[in-house]
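Q: Please take a close look at the largest pocket of this model and at the helices around it. By class, which residues make up the lining of the largest pocket?

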Amino acid sequence: MNLDELKAGWKSLDEKVAATHQLSEQMALSMMKEHSKSTVSKIQDKLKKLAFYFAGLLTLFIAIVAGNPFDYHNWYEYVPAIAYAMLVVAGLEIIVREIISISKVRLTKSNLRESLQRIIQLHETYQSVMDTVWKISMVIGFLLGVSLMVRNFETYGWTKSVLIVIANAIFVGAIYLIARIIFKELPDSNLAELKTNLAELEQ
C-alpha cells in the first residue's frame, strides 16, 4: 500500500467516524427533544388542572357573595369574600396566560436550547407570581375568618375578641410556615427535568 492509498484510507475512516458521531448527536438531540416535550406536556396538564380548581373556587365565592350562606348583615362582612373572588380571578388569568405562553414555544432540534431557556424562564416567573398570590390568599383567608366572628365581638367583649383574632392569626401563620417547609421539600420535578436537559445541552 502506497502513501496515497494510506491517506485515502485514513480520510475515509475519518469521514465514517465523523458521520457516526454526527448521527449519534442527532439521535441524542431527538431523544432529548421528545423527553422535553413530554415534560412540558406534564407542566401544561398540571396548569390545566389548576385552572379548573381556580374556576371551582371562583364559583364558590360567587355563590357566597350572591347567596349569603354565612348570613352577613353589614357590607364590610362581604369584603373578604369579594377580595378572595377577585384574587381567584387574577390567579386564573395568570394560569391561563402561562398555558398560552408555553404553548407558543416550539421545541425543535434547531432551537431546543433557546426554547428550554424560554420555558424555564416563563415557569419560574409564573411560580414567583403565584407565590405572591398564595401569600395574599392567606391574608384574605385570615380576614374571611374574622368576618365570620365580627358579629359576636360585642357579645365576647374586647379582651376575648382580640384574643380570638390573635389566635386566628397564629393559626394562619402556622399553616403558612408548614406549607413553606413542605413546598421546599417538594420542588417542581418537571422544572428540574427541564433544567437538567438544558444543562446537558450546554455541556
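**The largest pocket and its helices**

A: Sorted by class, the lining of the largest pocket consists of 18 nonpolar, four polar and six charged residues. The model is a predicted one, and the description below should be read accordingly. The space within the largest pocket amounts to about 1,000 Å³. Its lining comprises 28 residues, and those nearest the centre of the pocket are Leu 50, Tyr 126, Gln 127, Met 130 and Phe 183.

Several helices contribute to this lining. At least two residues each come from α1 (3-67), α2 (75-103), α3 (112-149), α5 (158-185) and α6 (189-202). Among these contributors, α3 provides the largest share, namely eight residues. The packing of α3 against two other helices of the lining, α2 and α6, is therefore a suitable next subject. In general, the packing of two helices is described by the angle between their axes and the distance between those axes.

For α2 and α3, the axes come within 9 Å and cross at roughly 165°. Because this angle is over 145 degrees, α2 counts as roughly antiparallel to α3. The crossing of these two helices, α2 and α3, is left-handed. Where α2 meets α3, the residues of the contact divide into 17 nonpolar, six polar and two charged.

The second partner is α6. The axes of α3 and α6 lie 10 Å apart, and the two helices pack at an angle of about 150°. The pair α3 and α6 is therefore also described as roughly antiparallel. As with its crossing of α2, α3 passes α6 in a left-handed crossing.

Two further helices of the lining, α1 and α2, are linked by an aromatic pair. The count of aromatic pairs in the model comes to six. In one of them, the ring centres of Phe 61 and Tyr 84 are 4.5 Å apart and the ring planes stand at 10°, so the pair is stacked, the limit for that class being under 30 degrees. Phe 61 belongs to helix α1 and Tyr 84 to helix α2, so this pair ties together parts of the chain that are 23 residues apart in sequence.

The loop between α1 and α2 also merits attention for its backbone. Asn 68 lies in this loop, and its phi is near 50°, a positive value in a residue other than glycine. Asp 71 is likewise located in the loop between α1 and α2. The phi of Asp 71 is near 60°, again positive in a residue other than glycine.

Notes: Residues are numbered from 1 along each chain as its sequence is written. This is a predicted model: local features need pLDDT of at least 70, side-chain atom pairs count only at pLDDT 80 or more; totals for chains, interfaces and linings use all residues. Side-chain values use heavy atoms; hydrogens and water are left out. On a 1 Å grid over the protein atoms alone, a cavity is a set of points where a 1.4 Å probe fits but cannot get out, and a pocket is an open set with protein on both sides within 12 Å along at least five of seven lines; lining residues have an atom within 4 Å of a point. Grid points are joined across faces, edges and corners, and a volume is the space filled by probe spheres set on the points. Helices (H or I, at least four residues) and strands (E, at least two) are DSSP runs, numbered from the N terminus. Ala, Val, Leu, Ile, Met, Phe, Trp, Tyr, Cys and Pro count as nonpolar, Asp, Glu, Lys and Arg as charged, and the others, Gly among them, as polar. Axes are lines fitted to C-alpha atoms, for helices over the stretch in contact, and angles run from 0 to 180 degrees between N-to-C directions. Angles under 35 degrees count as roughly parallel, over 145 as roughly antiparallel, 65 to 115 as roughly perpendicular and the rest as oblique. A crossing is left-handed if the near helix is turned anticlockwise from the far one by less than a right angle, and right-handed if clockwise. Rings of Phe, Tyr and Trp (its six-membered ring) pair if their centres lie within 6.5 Å; planes under 30 degrees apart count as stacked, over 60 as edge-to-face and the rest as tilted.
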